[in-house]
Every structure is written in C-alpha cells, then in structure tokens.
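Good morning, colleagues. May I ask you to turn to the structure on the screen, which I shall go through briefly.

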Amino acid sequence: MSGFSLADLEKIVTERARSGDANSWTAKLYQGGMERAAKKLGEEAVETVIAAVKGDDRALVSESADLLYHWLVVLAVAGVPMAEVMTELERRTSQSGVAEKAARKNEG
C-alpha cells in the first residue's frame, strides 16, 4: 500500500500552483484561472466515467488519478482547502445518505 495521500498531493499542487514556473502544468492551470481549471476537471470527470462504463480498470485508475489532481487544482484556484471538503464528508457520514440528500434539497 502506498504511503502517498491526497494531503501529500494537495501540498504539491499548492506549491507548484504558486511557483510561477513556466514549465509547470500545475502553475499554468492555476494561472489560467477557474474557467480553465474547471474545464480540465470536467474533461477528466468525463474520461473517468467512460473508463468506468467500458470496464477498463487500467484506464479507470489512470483517469481517476487525473481527476483527483485536477480537483485539487480547482480547490487551489478557489482557495478552498481540501480539509473543508473532508469536514463536509465527515458531517455527512453522521446520517444516512437518504436523509442527507433530503436535507440538501430542503436547503436550496
């Protein structure tokens, strides 16, 4: 099992995003702003879904890695720490999925 975590990746993304390095894909995405970063996230989400539907486990692993990376770039651009997302997920686990979805519908 890998000792590498999403927290490790978040740290790398944050450092590279703010580096201004012209050779860094992360820095370029970050400098491109939310529209560019979010578009890439959407593309990776679609590619992940396609791999899953095809039953291509190897592609699913690769596309999932791309998806998580681009998700963290979007969070960095937005200035939202992953810890906030994890806190929300933790909050949601305290109730059933059906109750949680119903509560979200009532909020909006």
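**Helix α4 and its surroundings**

I begin just past the end of a helix: α4 is followed by G79, and the phi angle of G79 is positive, near 75 degrees. Please bear in mind throughout that this is a predicted model.

The helix itself, α4, is made up of 22 residues. From its first C-alpha to its last, α4 reaches 31 Å, close to the 32 Å expected at 1.5 Å a residue.

Which residues of α4 are buried? They are E63, Y69, H70, L72, V73, V74, L75 and A76. These buried residues pack against α1, α2, α3 and α5.

That brings me to the largest nonpolar core, which has 12 residues. Among them are L9, V13, L29, L41 and M82, together with Y69 and L72. Two or more residues come from each of α1, α3 and α4, and α4 gives the most, with 6 residues. In soluble globular proteins, nonpolar side chains tend to be buried together. A37 is another member of this core. Setting aside residues up to four places away in sequence, A37 touches L29, V73, V74 and V77.

I close with a charged residue, E63, which is found in helix α4. E63 is buried yet has no salt bridge. How far away is the nearest side chain of opposite charge? That side chain is K40, at 8.4 Å from E63. Leaving aside neighbours within four places in sequence, E63 is in contact with E44, E47, T48 and A51.

Thank you for your attention.

Key: Residues are numbered from 1 along each chain as its sequence is written. This is a predicted model: local features need pLDDT of at least 70, side-chain atom pairs count only at pLDDT 80 or more; totals for chains, interfaces and linings use all residues. Side-chain values use heavy atoms; hydrogens and water are left out. A nonpolar core is a set of buried Ala, Val, Leu, Ile, Met, Phe, Trp, Tyr and Cys residues joined through side-chain atoms within 4.5 Å. Buried means under 20% relative accessible area, exposed over 50%, partly exposed in between (1.4 Å probe, protein chains only). Helices (H or I, at least four residues) and strands (E, at least two) are DSSP runs, numbered from the N terminus. Contact means heavy atoms within 4.5 Å. Lys and Arg count as positive and Asp and Glu as negative; His and the chain ends are not counted. A salt bridge is a side-chain nitrogen of Lys or Arg within 4 Å of a carboxyl oxygen of Asp or Glu. The expected span of a helix is 1.5 Å times one less than its number of residues.
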